[in-house]
Amino acid sequence: MSVPLLNGSGCLDALTAPGVAAQLDAFVTKTITPESREGNPPVRIAETEAGMLNSIGLQGPGIDAFLTETLPRLAAQRLRVWVSVGGFSASDYADICERLDGRDDVDVVELNLSCPNVDEAPESAAEIVAACRGRTKARLYAKLSPANSDIAESARAVVAAGADGLTLINTLRGMALDPATLKPKLARGFGGYSGPALKPVALACVSACARAVNVPIVGLGGVQSGQDALELIAAGASVVSLGTILFTDPAAPGRIRAELKSEATARGHRDPLEVRGVANS
Ligand SMILES: Cc1cc2nc3c(=O)[nH]c(=O)nc-3n(C[C@H](O)[C@H](O)[C@H](O)COP(=O)(O)O)c2cc1C
């Protein structure tokens, strides 16, 4: 058995980088919304000292074009597909879930309950999960925000509402200034902060949720190496996702899988999952 490796939603386009996607155990799509969206105006990406900021704002084709054009092409690549779903109300999310229900080319539906670049749906995360649960039998993963003041409580609520797993974490809201003008680098002012600086935040969120609920957790946030992946497993993850690292290292999935194996072996474990949760006891 080995630890499944995925990509963070929005951090890989399997259609333009099929060789990277082929190294993963499943491919997570960019968040799909009901209608097509152009996203936010440029500048939408800024580098910072310990990571990057993005304010893409859920750019995408919308569910109709996704189903007719994108999904068949992903299936042709023989990828296991997790579809990330977003919206602006619980019924938006639930409508998309119904469209995805019963499809054998969709492995998991991941509900993006946490995008910092769009105005959030007015309903709570648990209300959105409950609305979706009523409309699909697909495995539902809830992706939660690290900005949540009590993420363990949110985890309990979404699991009680029918989530089968959690993805932790999305980006944190951040801002970068142009050193000369002292104006924000991003057109929208704020963006989602990702990369190495997120790892301690991700570890704390995964650990808190692993103590609170008993469902699979996808650990995501700042992973750059096999050691980082092993730490997320020690905090309670059983799947690991790669985000920002994929922008700089297309070979990261293969490299991190090999590093993870040797980090586990160096500690006397045949399987990295043997360390799952050891940080929490
Ligand atoms: C350019 C970019 C676009 C992203 N788009 C999405 C998205 O559409 N949906 C989503 O749930 N998360 C999105 N994310 C968040 C990532 O999936 C991930 O949760 C986050 O980047 C933390 O992981 P990392 O530190 O390894 O990058 C995006 C991140 C980046 C950098």
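**Figure 1. Strand 11 and its partner, strand 12.** In this predicted model, Leu220 has a bridge partner in strand 12, and that partner is Ser241. The pairing of strand 11 with strand 12 (residues 239–242) is parallel and runs over three bridges. Now look at the two faces of strand 11: both are covered. Ile217 and Gly219 are buried on one side, while Val218 and Leu220 are buried on the other. To get from one strand to the other, follow helix 7 (residues 226–235): strand 11, helix 7 and strand 12 together make a right-handed β-α-β unit.

**Figure 2. Strand 11 and its other partner, strand 8.** Here we turn to the pairing of strand 11 (residues 217–220) with strand 8 (residues 165–168), which is parallel and also counts three bridges. One pair to pick out is Leu168 with its bridge partner in strand 11, Gly219. Helix 6 (residues 199–212) packs on the sheet here and touches both strand 8 and strand 11. The direction of helix 6 makes about 165° with the direction of strand 11.

**Figure 3. Helix 7 under cover.** How many of the ten residues of helix 7 are buried? Nine of them are, so to speak, tucked in, and the helix is mostly covered. The buried residues include Gly226, Asp228, Leu230, Glu231 and Ile233. What do the buried residues of helix 7 pack against? Their neighbours are helix 6, strand 11, strand 12 and helix 9 (252–266). Just past the end of helix 7, have a look at Gly236, which takes a positive phi of about 130°.

**Figure 4. Helix 7 meets helix 9.** Two helices that pack together are described by the angle between their axes and by the distance between those axes. For helix 7 and helix 9, the angle is about 65° and the axes are 7 Å apart. The crossing of helix 7 past helix 9 is right-handed. On the helix 7 side, the contact is made by Gly226, Gln227, Ala229 and Leu230. On the helix 9 side, look for Ile256, Glu259, Leu260, Ser262, Glu263 and Ala264.

**Figure 5. Strand 7 between strands 6 and 8.** Strand 7 (residues 139–143) is largely enclosed by the rest of the structure, because four of its five residues are buried. With strand 6 (residues 108–112), strand 7 pairs in the parallel sense over five bridges. In that pairing, Glu110 stands opposite Tyr141 of strand 7. Strand 7 also runs parallel to strand 8, and three bridges join the two. There, Lys143 stands opposite Thr167 of strand 8. Helix 5 (residues 151–160) belongs to this picture too: with strand 7 and strand 8 it makes a right-handed β-α-β unit.

**Figure 6. The open sheet from edge to edge.** Time to put the strands together. Eight strands form an open sheet with parallel pairing, in the order 1-12-11-8-7-6-5-2. Which strands stand at the edges? They are strand 1 (5–7) and strand 2 (27–28), and each has a single partner strand, so one side of each is left without a neighbour in the sheet.

**Figure 7. Ala50, out in a loop.** Ala50 is found in the loop between strand 3 (45–48) and strand 4 (51–54). Is Ala50 buried or exposed? Ala50 counts as exposed, because it has 12 C-beta neighbours inside 10 Å, and a residue with 12 or fewer is called exposed. Setting aside neighbours within four places in sequence, Ala50 is in contact with Gly195, Pro196 and Ala197. Try finding Ala210 as well: 160 residues separate Ala50 from Ala210 in sequence, and their C-alpha atoms are 27 Å apart in space.

**Figure 8. The chain as a whole.** Stepping back, the secondary structure comes to nine helices and twelve strands. The radius of gyration is 18 Å, close to the 19 Å that the globule rule gives for 281 residues, so the chain is as compact as a globular protein of that length. Along the principal axes, the C-alpha atoms fill a box of roughly 55 × 50 × 40 Å. Buried residues make up 50% of the 281 residues. What about contacts between residues at least 6 apart in sequence? Of these, 71% join residues at least 24 apart.

Notes
Residues numbered from 1 in each chain as written. Predicted model: local features only at pLDDT ≥ 70, side-chain atom pairs only at ≥ 80, totals over all residues. Pairing = 2+ DSSP bridges. Contact = placed C-beta atoms within 7 Å. Axes fitted to C-alpha atoms, helices over the stretch in contact; angles between N-to-C directions. Buried ≥ 20, exposed ≤ 12 C-beta atoms within 10 Å, placed from the backbone. Right-handed = clockwise from strand over helix to strand, strands pointing away. Rg over C-alpha atoms; globule rule 2.2 N^0.38 Å. Left-handed = near helix turned anticlockwise from the far one by under 90°.
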